[in-house]
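Please take a moment with the sequence and the three-dimensional model before reading on, and keep both in view as the paragraphs below move from one part to the next.

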Amino acid sequence: MKSLILTLPLLVCGAAAAQDLSLLDTSRQLRAETRAAAGVGDWEAARRTNEAALALQPGHAGLLNNALLIAGFAGDVEGQFLALERIAGAGLAFDISDYGRADTLRTADPERLAALEAAFAAIAAPAGDARRVAEPPLKDALIEALAVDSETERLFLGSVADRRIYRVEPFAPEAFEVFAGEDEPVGSIFGLAVDRRHGRLYAAEGRIEGITPAAEGEAVDTALLAFDLETGALLERYTIEGAERIGDVAVRDGVVLATDAEAGRIYRLNGPRAQLELYAEDPRFESLQGVVSTRGAVFAVDYALGLWRIDPVERSAVLMPTPPGASLIGLDGMAVDRTGRVFVIRNGAAPVGVFELEFDIDNQLTVMRPVLTGDDRLGEPVTVRLTDGRAFLISDAQWRFFEGEGADPDARTDPLILSAPLP
């Protein structure tokens with residue numbers, strides 16, 4: 001965490017130093033101020049700075065929980081009720097039975113607490129019905145990327161930890177074959193998308209220090225790769241100056257879109273013979289993940305901030321307002337079906353799973369509806385892909401096993417691919 005260098009008045013008044021900060025950096029500094037105020041028992045100051053951070057990241061589960069804790073430490077019963085109602089109002093799960101001050105709230109207003117318990121029970125109730133599609137023995141591969149061939153229902157799995165793309169046949173869901181990366185080295189694979197029109201599989205390669213294996217002196221750069229969909233032969237490596245790590249990839253009508261979370265960019269490839277071009281760039285982008293083209297624009301989810309809409313003419317980005325009953329923080333994978341319906345993966349807040357984003361006639365986001373949640377097999381779901389009226393997803397990417405001293409190789413499991421019917 002960066003050291004605190006600005007105070008709340010400077011941040012709110014928009015001093016020159018604060019103007020150089022991103023939304024996320026500003027939120028982080030506000031959170032640091034919240035901790036500092038809480039450390040000396042100044043609960044009102046902690047409440048103000050936490051609210052200022054929430055204004056930058058609406059629906060952030062951690063900040064909403066902070067509001068509850070601050071009110072609890074301050075002995076503010078009404079503030080605790082309001083904080084819990086805001087958590088429920090954002091469609092986020094919360095176990096009141098684990099909250100140490102629940103008895104105090106029950107004594108103060110039993111009906112109000114009962115209503116909250118009912119609301120959280122409804123949020124936590126399972127939605128959708130998933131079936132197991134495949135579970136190949138690849139527990140050490142760290143499978144982050146998934147693509148589905150709509151004609152054959154073959155699965156393509158992209159590995160971060162062993163720099164391979166694997167193919168799983170529908171008739172052998174517990175087996176795999178190496179599709180690419182064995183004869184000709186590739187980097188860690190962060191995104192995959194099938195282009196049936198041109199018979200290609202597109203992949204995003206890159207590197208994460210400490211996770212991507214590399215020989216001494218080997219340079220692993222980032223690029224958009226194109227493979228022959230049948231043979232796995234590498235047909236093209238598309239690069240662009242300034243790229244840092246290309247991640248999620250999407251294809252529609254032969255046009256490829258890709259995000260770069262580290263560079264804050266969206267790239268476009270207008271067909272196999274085109275050059276990879278910069279489609280949109282904005283210093284406000286923090287952690288771009290899934291991207292789709294639909295409803296006359298490009299939409300990209302930002303893990304830290306929510307949903308961006310990029311105007312197709314101006315290429316300017318607008319952060320879309322969060323609709324009632326939703327939180328857009330912690331969204332990851334994204335996909336669109338043939339009718340333009342948009343689906344996302346959420347793994348940064350509970351409940352995790354697949355959700356549908358609904359828009360009105362003016363392209364304003366109105367509803368975030370659960371499609372698959374509450375399934376015990378969902379750990380850290382990533383990468384949603386749609387075909388034949390079903391959503392396919394990786395149930396648990398297992399990034400946690402590659403982080404910190406607690407990483408435990410023996411606790412890793414084989415990647416489980418699920419599918420759920422779309423409503």
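Two strands are said to pair if DSSP finds at least two bridges between them, and the strands themselves are DSSP runs of at least two residues, numbered from the N terminus. The model in front of you is a predicted one, and a good place to begin reading it is the hairpin of β3 and β4, which has five residues between its strands and in which R163 takes a positive phi near 55°. Strand β4 covers residues 165-168, and four bridges join it to β3, the two strands running antiparallel. Within this pairing, L155 stands opposite V168 in β4.

On its other pairing, β3 meets β2, and here five bridges join the two strands, which again run antiparallel. One position to look for is A145, whose bridge partner in β3 is G158. The strands β2 and β3 also form a hairpin, this time with six residues between them, and in its turn E153 has a positive phi of about 60°.

Is strand β3 buried or exposed? Five of the five residues of β3, which spans residues 155-159, are buried, so the strand is largely enclosed by the rest of the structure. Both of its faces are covered, since L155, L157 and S159 on one side are buried, as are F156 and G158 on the other.

From the strands we can turn to the pockets. The largest pocket holds about 1100 Å³ of space, and of the 38 residues that line this pocket, V194, V251, R252, V336 and L386 are the closest to its centre. Several strands supply at least two residues each to this lining, among them β2 (143-148), β6 (188-195), β18 (331-336) and β22 (382-387), while β10 gives the most, with four residues. Sorted by class, the lining of the largest pocket divides into 20 nonpolar, six polar and 12 charged residues.

The second largest pocket has a volume of about 410 Å³. It is lined by 19 residues, and those nearest its centre are E144, R245, Q289, D332 and W399. The elements that give two or more residues to the lining of this second largest pocket are β10, β11 and β14, and by class its lining has seven nonpolar, five polar and seven charged residues. As you return to the model, you may wish to find β10, since this strand contributes to the lining of the largest pocket and also to that of the second largest.

Terms used:
Residues are numbered from 1 along each chain as its sequence is written. This is a predicted model: local features need pLDDT of at least 70, side-chain atom pairs count only at pLDDT 80 or more; totals for chains, interfaces and linings use all residues. Side-chain values use heavy atoms; hydrogens and water are left out. On a 1 Å grid over the protein atoms alone, a cavity is a set of points where a 1.4 Å probe fits but cannot get out, and a pocket is an open set with protein on both sides within 12 Å along at least five of seven lines; lining residues have an atom within 4 Å of a point. Grid points are joined across faces, edges and corners, and a volume is the space filled by probe spheres set on the points. Ala, Val, Leu, Ile, Met, Phe, Trp, Tyr, Cys and Pro count as nonpolar, Asp, Glu, Lys and Arg as charged, and the others, Gly among them, as polar. Buried means under 20% relative accessible area, exposed over 50%, partly exposed in between (1.4 Å probe, protein chains only).
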